[in-house]
Structure formats: C-alpha cells, structure tokens
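Visitor: Hi! I'm new to this one, could you walk me through it?
Guide: Happy to. Let's put it on the screen.

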Amino acid sequence: MAFSRAIKIAPSILSADFANFGAECRAIEDQGADWVHVDVMDGHFVPNLTFGPAMCAAIRPHIRGVMDVHLMIAPVDPYIEAYAKAGADVITAHLEAGPHIHRTLQAIRNEGKKAGLALNPGTGIDAVAHLLDMVDLICVMTVNPGFGGQKFIHSQVDKVRSLRAMIGDRPIHIEIDGGVTVETAPLVAAAGADVLVAGSAVFKGGSVANPAPYGENIRAIRKAAEAAL
Ligand code: DX5
Ligand code: ZN
C-alpha cells in the first residue's frame, strides 16, 4: 500500500445488499473501487448496529484491495486485535470514542495495521496536532455517524482545508465520510481530501445482477473530484 494523494473512491458496503456482501465487494472492485469501506457500528457509540469481526473475516477473501474498517464503537481497544485478525488493512477509531486515543492508535499500529483517526462534525482539529506522527489517515465525518444517505455538512470543508495545511508533507490520507456525491466530491477534493467514502452515491441504480451503474457512479465521482484539483 504505497502512499499516494491520488483520489481514491471507497464505497461503503453499508449501502450494499446485506444478503450478498461477497458478491457486492467483488462487483464494486470490478467496477473501479479503490478501497472497500466497512462501517462497524455498536448501537452505543452510534445509534445503529452492523458488522462484527467474523463478518469482516468472511468478506476479506472477496476483497483484492484495501479493506478500510471504520470502527464506530466504544470502547474500541478490546476489539482492535479481532478486526486486525479479520484482515483489515486500515483500522479507524474515533477521537470521541474514549479518553485514550493515543493508546488506541498505538494498539492499531502494533497490530501492523494503518491507523486511522475519525473526527465527528462537532470535533475540532486541535487535538490532532499531538497525534500527527501516530496516524496514517484522518477521517473527517461530513455527516453525524450512524446511517448512510444523510446530507453532507458543508461546514466541514473548512476543517478539511485546515487539516491539509496541518499535515504538510506527512504521508497522511484525508478521508471524507458522509454525503459524498458528484456535487460534494469536488469541494472536499479541492480542500485536500484524497479518500472519498461513498455509500448511497455508489450503490444507487445498481445491483450484483446489474453492476454497471456502480462503475458509472464511481467514475462520475472520481471525475468530479479530479476536475477540482
Ligand atoms: C456513516 C458511515 C458512512 C456512510 C456513508 O456513519 O460512516 O460510511 O455509510 O454513506 P453515504 O455515502 O450514503 O452518506
Ligand atoms: Zn464510514
């Protein structure tokens, strides 16, 4: 996984057919997805429940590229090893999920995984300054986490711009999660983001039986983002 700031599209399988995850992962990669984004929710840190480590391990053989696991759970530390063993390449934890994010990021790297730090829309970037040498990715939530299909929160674009300046030459990805569409992708790409998570905007109109719309959606988002650079 060589570092690059090229635009990467990471479909969130939260918008996939829940009876068909293996086939859905193969379909989005065949249609041009760069990473596969897995939204883990615990019904406690966020008001929704999704995937455990066993499910991640089960879909891993169906993903050729990067499995990007977004943990929206608290506590997070007791589960890091399980998601690492399940085959995640990137494990992202929320700054807001507990009092010891520094320890959490260390634990992720100790598992040999890329460490991601997610920030809710209401969280500022001051704390990030003290974590820059411990993170491989910063995820800016552009919706309140918990559900797909929500509206993009525009106030986060300035946050992305400030983060990009803070990161400087460090090899740290900026990921955007929530409400990414052909309309909003250019705003965050221009502000410095390189990984664009998109659930509803990628899966709309397609299915495992008819995957071509996934490719059209991925290409349209990528094109809109790249045109803004
Ligand atoms: C929200 C999740 C997102 C979400 C994105 O809690 O972290 O990954 O599924 O979905 P869309 O692209 O539909 O906003
Ligand atoms: Zn996510």
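Guide: One thing to know at the start: this is a predicted model. A good place to begin is just after α1, where Gly32 takes a positive phi of about 110 degrees.

Visitor: Is a positive phi unusual?
Guide: Most residues other than glycine have a negative phi.

Visitor: And α1, how many of its residues are buried?
Guide: Helix α1 covers residues 21-30, and 8 of its 10 residues are buried. They are Phe21, Gly22, Ala23, Glu24, Cys25, Ala27, Ile28 and Glu29.

Visitor: What do the buried residues of α1 pack against?
Guide: Two strands and three helices: β1 (8-11) and β2 (35-41), then α2 (53-59), α7 (200-203) and α8 (212-227).Visitor: Where does Phe18 sit, just out of curiosity?
Guide: Phe18 is in the loop between β1 and α1. With 46% relative accessibility, Phe18 counts as partly exposed. Leaving out residues up to four places away in sequence, Phe18 touches Ile13 and Phe51.

Visitor: Okay, new topic. How much space lies in the largest pocket?
Guide: About 260 Å³. The lining of this pocket is made up of 26 residues, and those nearest its centre are Phe147, Gly148, Gly149, Asp177 and Gly178.

Visitor: Which helices and strands help to line the largest pocket?
Guide: β2, β3 (66-72), β8 (195-198) and α7 each supply at least two residues of the lining.

Visitor: And how many of the lining residues are nonpolar, polar or charged?
Guide: There are 11 nonpolar, 13 polar and 2 charged residues in the lining.

Visitor: Let's look at another helix. What about α5?
Guide: Helix α5 runs over residues 156-167, which makes 12 residues. From its first C-alpha to its last, α5 reaches 16 Å, close to the 16 Å expected at 1.5 Å a residue.

Visitor: Which residues of α5 are buried?
Guide: Gln156, Val157, Lys159, Val160, Leu163 and Ile167. Looking down the axis of α5, these buried residues fall within an arc of 155 degrees, so they line one face of the helix.

Visitor: Why would residues spread along a helix point the same way?
Guide: An α-helix has 3.6 residues a turn, so residues three or four places apart point the same way.

Visitor: Neat. What is on the face of α5 turned away from the buried side?
Guide: That face carries the exposed residues Asp158 and Ala165. On the buried side, the cover includes β5 (114-119), β6 (137-141), β7 (173-177) and α6 (185-191).

Visitor: And what comes just after α5?
Guide: Gly168, which takes a positive phi of about 55 degrees.

Visitor: Is Thr142 buried or exposed?
Guide: Thr142 counts as buried, at 0% relative accessibility. You'll find Thr142 in the loop between β6 and α5. Setting aside neighbours within four places in sequence, Thr142 is in contact with Lys151, Phe152, Ile153, Gln156, Ile176, Asp177 and Gly178.

Visitor: Where is Pro75, and what is the peptide bond from Ala74 like?
Guide: Pro75 is in the loop between β3 and α3 (80-85). The bond from Ala74 to Pro75 is cis, with omega near 0 degrees. As a rule, most peptide bonds are trans.

Visitor: Last one: how far apart in space are Gly215 and Ala115?
Guide: They are 29 Å apart, C-alpha to C-alpha, and 100 residues apart in sequence. Gly215 is in helix α8, and Gly215 is buried, with a relative accessible area of 0%.

Terms used
Residues are numbered from 1 along each chain as its sequence is written. Chains are lettered from A and ligands numbered from 1 in the order in which they are written. This is a predicted model: local features need pLDDT of at least 70, side-chain atom pairs count only at pLDDT 80 or more; totals for chains, interfaces and linings use all residues. Side-chain values use heavy atoms; hydrogens and water are left out. Buried means under 20% relative accessible area, exposed over 50%, partly exposed in between (1.4 Å probe, protein chains only). Helices (H or I, at least four residues) and strands (E, at least two) are DSSP runs, numbered from the N terminus. On a 1 Å grid over the protein atoms alone, a cavity is a set of points where a 1.4 Å probe fits but cannot get out, and a pocket is an open set with protein on both sides within 12 Å along at least five of seven lines; lining residues have an atom within 4 Å of a point. Grid points are joined across faces, edges and corners, and a volume is the space filled by probe spheres set on the points. Ala, Val, Leu, Ile, Met, Phe, Trp, Tyr, Cys and Pro count as nonpolar, Asp, Glu, Lys and Arg as charged, and the others, Gly among them, as polar. The expected span of a helix is 1.5 Å times one less than its number of residues. The arc is that of the directions from the helix axis to the C-beta atoms. Contact means heavy atoms within 4.5 Å.
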